[in-house]
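Reader: Got a minute to walk me through this one? I'd like to start with what counts as buried.

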Amino acid sequence: MISLQVKSRYCCCLALLLFSISAYTQINITGKVVDEKDDTPLPGASVYFNNTTVGTYTDQQGSFYFEAFNLFNTEVVVSCTGYEVLVYKPIAEKVKGKRIIVKLQKKVELQRNKMVLTNAVRKRWLDLFQKSFLGTSKEATKCTIENEPDIYFTQGENKTSFMAHADTPLVIINNMLGYKISFNLVEFWYNDENGQNYLLGYSRYEELGNNKKWIKHRQFCYYGSTLHFYRSLITNQLYEQGFGTFLIKQVMDSSREILLPGEQAKAAAGITMAVPITAHQILYIDSTNNFSIRIRGQLLVQYSSNPSSKDFSRRNIYIAGNLEKGFESYILFKESSIGLNNAGVLSDPASVEYSGYWINEKAANILPYNYQPG
């Protein structure tokens with residue numbers, strides 16, 4: 001038996017995030033969710049794997065069960081009304097065959113200084129939040145946040161910034177891709193002066209049905225996505241799937257004489273070059289068939305086809321990375337080794353940063369990690 005317990009408000013973000021193996025591992029998981037004070041069972045608690053459709057609710061005894069499914073490089077999220085969210089990243093060898101006891105701590109009411117806003121200001125800030133969260137794609141125009149009144153705002157670190165909060169999961173209906181998304185918002189801030197923003201949270205996907213139009217739209221959304229790219233990388237199918245990859249390097253140009261001191265002269269005399277790089281050079285496979293990305297710096301990724309949302313975006317907003325046909329994006333790898341599993345899921349999504357076309361990937365056009373095109 002494994003016992004998990006929330007120790008503080010920030011435990012959900014900082015603790016219990018253990019590294020999981022990168023390969024698919026099919027296991028059963030059995031558990032129970034209880035109140036940490038008196039072990040009272042908590043029925044109706046949501047238990048799900050972050051950013052997937054793999055989820056369930058606890059029964060009247062607080063019990064839950066996942067049967068014969070594949071682990072992903074993602075967290076198990078346990079959420080119950082009136083309790084702190086608990087997040088746990090399981091290791092297959094440690095949970096297989098064991099019963100997990102999840103102890104939730106009752107939520108402490110924070111004394112936040114909720115801002116009293118005019119209707120016009122609240123509408124504008126909600127619009128900024130939605131664009132930062134859902135995006136500006138065609139899919140975003142077909143999304144609705146069912147409990148929008150639950151979103152409230154507080155002052156940020158300065159007068160030009162604000163923060164958004166929600167004490168209950170946000171419920172998003174994606175009418176174009178056919179998903180209901182329950183989103184536990186952990187943190188959001190926006191700087192009104194320069195447009196910089198930050199979002200952290202956990203998503204549970206639930207199917208709205210099997211309408212054929214949703215199947216078609218999901219497929220269109222998948223091709224050219226980051227999920228498509230990482231899966232093509234681990235199967236060594238980058239070229240076949242339409243991707244070209246280039247490592248961005250600084251190369252010295254001896255023909256240029258720059259009258260600056262020392263290191264400044266070296267930097268100014270450099271030329272930025274895009275050097276072709278293969279999947280074998282990007283990806284490292286160890287003796288146990290675990291994948292990891294082992295390059296530092298910036299990778300240029302070109303896609304040779306037009307993704308489904310390109311025409312809509314080109315008509316309505318400026319698209320960075322737009323090409324005559326296809327697009328280009330940049331991935332900045334911030335760690336020397338980043339785990340990647342067979343589902344195309346990074347062990348730590350925060351270890352990469354996107355620019356170019358992929359900066360437009362938001363909640364409305366991101367597919368669940370366990371999605372497979374038909």
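Author: Sure. A residue is called buried when its relative accessible area is under 20%. Keep in mind that this is a predicted model.

Reader: Okay, so is N51 buried or exposed?

Author: N51 counts as buried because its relative accessibility is 11%, which is under the 20% cut-off. N51 sits in the loop between β3 and β4, and its phi is positive, near 65°.

Reader: What's the usual sign of phi, negative or positive?

Author: Most residues other than glycine have a negative phi.

Reader: And N236, what's its phi near?

Author: Phi of N236 is near 55°, again a positive value in a residue other than glycine. N236 is in the loop between α6 and β15. N236 counts as partly exposed, since its relative accessibility is 38%.

Reader: Switching topic: which residues touch the most other members of the largest nonpolar core?

Author: F129, L134, I151 and I172, out of 31 residues in that core. Among the elements that each supply at least two of its residues are α3, β11 and α5. The largest share, six residues, comes from β13.

Reader: What is F129 in contact with, leaving aside its neighbours within four places in sequence?

Author: I145, I151, A164, L170, L185 and F188. There's also a second, separate core of 26 residues, including F243 and W358.

Reader: Zooming out, how many helices and strands does the chain have?

Author: Nine helices and 22 strands. The chain has 374 residues, and 46% of them count as buried.

Conventions. Residues are numbered from 1 along each chain as its sequence is written. This is a predicted model: local features need pLDDT of at least 70, side-chain atom pairs count only at pLDDT 80 or more; totals for chains, interfaces and linings use all residues. Side-chain values use heavy atoms; hydrogens and water are left out. Helices (H or I, at least four residues) and strands (E, at least two) are DSSP runs, numbered from the N terminus. Buried means under 20% relative accessible area, exposed over 50%, partly exposed in between (1.4 Å probe, protein chains only). A nonpolar core is a set of buried Ala, Val, Leu, Ile, Met, Phe, Trp, Tyr and Cys residues joined through side-chain atoms within 4.5 Å. Contact means heavy atoms within 4.5 Å.
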